[in-house]
Number of protein chains: 2
Amino acid sequence: MDAMQTGDTELIRAINRFHVLDTIRRFEPISRAEVGERTQLSRTTVSAIITTLLDEGVIYYDEGETSGATKSMAGRGRPRVLLRMNPNAAYVVGAKLSMHQVSITVTNLRADPLACLVLPVRTWRLGAELIADLLEDGIRAAVTKAGITMAQIAGVGVGLPGFIDSVAGISHWSPILAAEPAPVPLARMLSDRLGVSAVIENDANLVTLAERWFGHGQGVDNFVVVTVEAGIGMGLFINGDLYRGHHGMGTEFGHSKIDRHGPLCRCGQHGCVEAFCADYAILREARKIVDLPPTDDEPSIEAAVCEVTRLAREGNEGLRAVFDAAGEILGLGIANLVNVIDPGKVIISGAGMRAADLLEPSVRAAVATNSLKVLAGRCEIVFHDWTDEVWARGAASLVLQGLYRLPWSRNARIEMAI
Amino acid sequence: MDAMQTGDTELIRAINRFHVLDTIRRFEPISRAEVGERTQLSRTTVSAIITTLLDEGVIYYDEGETSGATKSMAGRGRPRVLLRMNPNAAYVVGAKLSMHQVSITVTNLRADPLACLVLPVRTWRLGAELIADLLEDGIRAAVTKAGITMAQIAGVGVGLPGFIDSVAGISHWSPILAAEPAPVPLARMLSDRLGVSAVIENDANLVTLAERWFGHGQGVDNFVVVTVEAGIGMGLFINGDLYRGHHGMGTEFGHSKIDRHGPLCRCGQHGCVEAFCADYAILREARKIVDLPPTDDEPSIEAAVCEVTRLAREGNEGLRAVFDAAGEILGLGIANLVNVIDPGKVIISGAGMRAADLLEPSVRAAVATNSLKVLAGRCEIVFHDWTDEVWARGAASLVLQGLYRLPWSRNARIEMAI
């Protein structure tokens, strides 16, 4: 264990490379000097990394452009040239498995989507082998649709719900693979089929990575992401790294108990946050107020929640109270996280944010009431209602964070860097 | 923020130095080769660090001793000599402030106590200036008692309850300094008085550091410490480092709410873990069963809790049920931590562990019942009933962790390394 913390030169080089490349991605066009200032790396280190990245074709000098700062100096010498990322130096695939759908997105190095494919499939009926086949076919089709070839794909990232050991590439338990008698080595099954490195990850962690790369987690080293939808998920960044738990199983906020006498949760226990705030809990309470059609699968649950959201928004006071109550419990649970973790930000995301306007007031009030005075107000609470695309971008980030660290060669040892 | 993560050469050197010295401390007598194996550092790096440490007199070659491994090789060449730490290369002072007592301990480099001083003082009546004076006098007396001089003291570490910004050396709020109208720069006040670097830290974090250095946290990179006594505290190690929260205020487990309809807590809110399990909560319930004298200060509360513990242990069923109920809630709260953080270990410590035998069965049962199946059983729960000395050793570790990292020179910039 201790050995993991020692300052290994290779690792340092990889981390420095990551920071230089990430800085160019975020602030391009950017001068060499600015890269040095923002990363606080020495001039020599920055120069060496930039030379390598230029050689690899990952970045290039945009000689036609000058920054504001450069313009004002134009009279004093030759104009400084600026660095840009070459977003098409490599491509990756991100995929998201949910109970009733598979989404696949091909992106470039900046995680810009080039092609998307959405397959409406009841994935939980298939089993591991058929899931891997489905992903293989879908990924090959999406890559073709993007106008590139599998040989240009540097890696594949797949997100799915459940207890996923990302480092080992194994799904220990997922509702999608619930019928499998043993843990499923899904990453290896995919890389064997595709001939490309594959990484798998818990879906809430994907959203967390997406927030870190493209969203509200940029520049914040300690933050929590709470995802509200069919279940309540959580992702955690600590000291600038995704924290997956000691056994890679961590951050199950949805089953935190906040009321011993609360309603029965899907997990068989009472008073979990999820049993108050997830889609099924909203519907359980809404049925006491309005008639709703039977809901026996995820699409019909989602349709019913959308309908309930619409009615509440149009003024149904009873349903507004349902969202208020759910928001209050969510806020209480988040206050517990604020007290225990003292994060810089809590980002609330996921499909449940379709009702962000209905939940926000009671969530904010409950966080303020239930977190310690000294912490209340220091932690920013952000409601982030973004589309399904975020999952795919997160899955792409999963691969990209490996690629950004490693010297550029396709099919590099991506697993090692993640 | 990002800049903090870049691989800075100085920092790496400091971390490597820490690992070499910590390995020698933990496994002495140890050969140079074993240090290399355990730290996984290169032969060159290990050699350079060991040469420096030998020059500084922090370690020495114990030429009279051979390890087991070495003995078997004796026939094949000259016997390898083993490294030992020189525990008297420097001394530090650890102090703990509580409401009714100040404990001061002088230790050597291995945190072995050389002299202790316990002052029974109602600290909360004094205010910041008098507290600093009291610490100054006490520390000078303890140092004399240890047979050394202030010039031999490399640093002072002080623990106290409350919201302590250790990096800035400021107490934002402490029950001991509650009458102060503004935050108290206690670290600077002490170092000005003593002419030695001083560091302050939240007291639960001190126990956590002590567990890391001398207790059950050795070799575990992610663990939680829960302290049960007047209040419920918490410390958190993540990825091998003490995590203090984004604003340095973090890990307030005692005010996690686990029952919205629960009893009133000292913080003014309802259903906090503390309101069920802290000393005052045990007494609140015990008074419903047995007559107890009035308890208006910490010593009388502690005496009453000791009496209740004795009666329960002698077979009072009603009081046993009080501990059972408190343990159940503590276990439920810990299950929430296990779910959210997925630690490798949870260490339950503090004065409340005087009743560890009464609490343990219901704590373990509630953790098992309320944590997710996939996590239950993976996380080790340890009850650690150790003496007040642990606080002082923790306070000493606070200074030592800086000294271990920095090149050896007394009064070095300790604050920077912590």
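How many residues of chain B are in contact with chain A, and how many of chain A with chain B? That's where I'd like to start today. One thing up front: what you see on the screen is a predicted model.

Okay, the interface. On the chain B side, 64 residues are in contact, and they meet 65 residues of chain A. Putting the two chains together buries about 5600 Å², and carbon and sulfur atoms give 53% of that area.

What about charges? The rule finds two salt bridges across the interface of chain B and chain A. Let me show you a salt bridge between the chains: Asp259(B) with Arg260(A), where the closest N and O atoms are 3.1 Å apart. Then there are the polar contacts, and here we get 22 residue pairs across the interface, both partners at pLDDT 80 or more.

So which elements of chain B supply that surface? Going along the chain, helices H1 (2–5), H2 (9–27) and H3 (32–39) are among those that each give at least two residues to the side touching chain A. Strand S11 (232–238) is on that list as well, and so are helices H12 (317–341) and H13 (356–370). The largest share is from H12(B), with seven residues. If you sort the residues on this side of chain B by character, you get 24 nonpolar, 27 polar and 13 charged.

Now let's go inside chain B. There's an open sheet of five strands, and the order is S5-S4-S3-S6-S9, with mixed pairing. At the edges you find S5 (113–119) and S9 (198–202) of chain B; each has a single partner strand, so one side of each is left without a neighbour in the sheet. From one strand to the next, the twist averages 15°.

Zoom in on S3 (residues 91–98) and S4 (residues 101–108) of chain B: they pair in the antiparallel sense, over eight bridges. If you want a residue to click on, take Val93(B), whose bridge partner in S4(B) is Val106(B). And there's a helix packed on this sheet: H7 (residues 186–194) of chain B touches S3, S6 (153–160) and S9 of chain B, and its direction makes about 150° with that of S9(B).

Over to chain A. Here too we have an open sheet of five strands, in the order S5-S4-S3-S6-S9 with mixed pairing. Let me pick another pair of strands this time: S3 (residues 91–98) and S6 (residues 153–160) of chain A run parallel, with six bridges. Val92(A) sits opposite Gly155(A) in S6(A). The helix lying across S3, S6 and S9 of chain A is H6 (residues 186–194), at about 150° to S9(A).

There's also a hairpin to look at in chain A. Strands S7 (residues 163–165) and S8 (residues 170–173) of chain A pair in the antiparallel sense over three bridges, and Ile164(A) has Ser171(A) as its bridge partner. Four residues lie between the two strands, and in the turn Gly169(A) has a positive phi of about 75°.

Last stop, back to salt bridges. Over all chains, the structure holds 41 of them. One within chain A joins Asp62(A) and Arg84(A), with 2.6 Å between the closest N and O atoms. This pair links distant parts of the chain: Asp62(A) is in strand S1 (residues 59–62) and Arg84(A) in strand S2 (residues 82–85), 22 residues apart.

That's my tour, thanks.

Technical notes. Residues are numbered from 1 along each chain as its sequence is written. Chains are lettered from A and ligands numbered from 1 in the order in which they are written. This is a predicted model: local features need pLDDT of at least 70, side-chain atom pairs count only at pLDDT 80 or more; totals for chains, interfaces and linings use all residues. Side-chain values use heavy atoms; hydrogens and water are left out. Contact means heavy atoms within 4.5 Å. Buried area is the accessible area (1.4 Å probe) that two parts lose on being put together, summed over both. A salt bridge is a side-chain nitrogen of Lys or Arg within 4 Å of a carboxyl oxygen of Asp or Glu. A polar contact is a pair of N or O atoms within 3.5 Å; within protein, one must be able to donate a hydrogen and the other to accept it, and residues adjacent in sequence count only if both atoms are side-chain atoms. Ala, Val, Leu, Ile, Met, Phe, Trp, Tyr, Cys and Pro count as nonpolar, Asp, Glu, Lys and Arg as charged, and the others, Gly among them, as polar. Two strands pair if DSSP finds at least two bridges between them. Axes are lines fitted to C-alpha atoms, for helices over the stretch in contact, and angles run from 0 to 180 degrees between N-to-C directions.
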